[in-house]
Amino acid sequence: MATIKCIGILTSGGDAPGMNAAIRAVTRAAIYNGLRVKGIYRGYKGLVTGEILEFKTQNVSNIIHQGGTILKTARCKEFTTPEGRALAYENMRKEEIDALVIIGGDGSLTGARIFAQEYDVPCIGLPGTIDNDLYGTDTTIGYDTALNTILDAVDKIRDTATSHERLFFVEVMGRDAGFLALNGAIAAGAEAAIIPEFSTEVDQLAEFIKNGFRKSKNSSIVLVAESDITGGAMALAERVKNEYPQYDVRVSILGHLQRGGRPTAHDRIIASRMGTASIEALMEGQRNVMIGIEHDEIVYVPFTKAIKNDKPIKKELVNVLNSLSI
Ligand code: F6P
């Protein structure tokens, strides 16, 4: 096995708060262990076009508290083609990069898995996504910050919901996963969460809300995960409005504000731990694994396992929400 002297680092896919903390950790841990570091800009695109810069410890100073990613990010079409990946490999050789650390979600790790297989390049992934949808890790970099952003927004929406006695549908991100919606609903004290993992009939939901209104509540907040399965907050609100015209229904789609902002302490800490672990993993000879945290311990999750499996969402959380939202 060739010795690793220089690593390349990139962020790919949707940005997530804490990515900068991860870039800092990977860079500093690598330099601490005697390795050179090269920053690759705009995700895999920078690897294909050769937008690469040598990083010293100062390149990552004063970034731990910033959202977004100083390396920029992109979803790169060229890298999904064999020609694009051939160019990427050429640039790696030119820049003397021996291994890659990729920070991103499942699409980014899928790219890494294919590239590693084709060119025998050691790749380590860090789970960087607000969606928390990667299998084999309890949490992902950016998820906690996004959850807190949702909480902040819903707390504010509650003021209007209560004052006007309205029923609010709040749509949150998550692609096809309901972690943000379900845990957001529990933390915000919402009445219900509509998530793709567990189906909720509109009638059931309306009945539930009706009971709430009738009993003790004069306002309700329902968190809806964006997804083709749930249909999104707009569609759901339309149906409820048509069938129950007596309710004053409003919709709020939180959108990309969930991806921005200063990372929480939790996200900075896991990014720092995972970033440091990525260098240790490479030095131990690990390849093609994602660094995860399970039961507060660092774990190595093979790419195939992290990407291919649907991360289960605990039914217990649904029960908690249902029993506390009476
Ligand atoms: O994966 C992160 C995420 O924010 C998803 O929750 C969302 O579906 C998607 O990215 C949005 O992507 P874009 O910023 O490209 O519209």
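Let me start with the layout. The centres of domain 1 and domain 2 are 34 Å apart, taken over C-alpha atoms. Keep in mind that this is a predicted model.

Where do the domains run? Domain 1 comes in two segments, 6–142 and 263–308. Domain 2 covers 144–259. How many residues meet across the two domains? On the domain 1 side, 14 residues are in contact with twelve residues of domain 2.

Now the ligand. Which pocket does the ligand take up? The space it fills is the largest pocket. Eight names to note around the ligand: Arg75, Asp131, Met173, Gly174, Arg175, Glu226, His256 and Arg259. Sort that shell by class and you get five charged residues, two polar and one nonpolar.

Next, the polar contacts. Let me take three residues in turn. Arg259 places a polar side-chain atom 2.7 Å from an oxygen atom of the ligand. Gly174 uses its backbone: an N or O atom there lies 3.1 Å from a ligand oxygen. Arg175 works through its side chain, with an N or O atom 3.4 Å from an oxygen atom of the ligand.

How much of the ligand does the protein cover? On its own, the ligand has 400 Å² of accessible area, and the protein covers 74% of that.

To recap. The ligand occupies the largest pocket. Five charged residues are part of its shell. Arg259, at 2.7 Å, and Arg175, at 3.4 Å, both reach ligand oxygen through side-chain atoms. Gly174 does so from the backbone, at 3.1 Å.

Notes
Residues numbered from 1 in each chain as written. Predicted model: local features only at pLDDT ≥ 70, side-chain atom pairs only at ≥ 80, totals over all residues. Heavy atoms only, no water. Near = heavy atom within 4 Å. Polar contact = N/O pair within 3.5 Å; in protein donor to acceptor, adjacent residues only side chain to side chain. Areas by Shrake-Rupley, 256 points an atom, 1.4 Å probe, with all protein chains shown as cover. 1 Å grid on protein atoms, 1.4 Å probe; cavity = no way out; pocket = protein on both sides within 12 Å on 5 of 7 lines; lining within 4 Å. Sits in = over half its atoms within 2 Å of the grid points. Nonpolar A, V, L, I, M, F, W, Y, C, P; charged D, E, K, R; others polar. Domains from an automatic or database assignment. Contact = heavy atoms within 4.5 Å.
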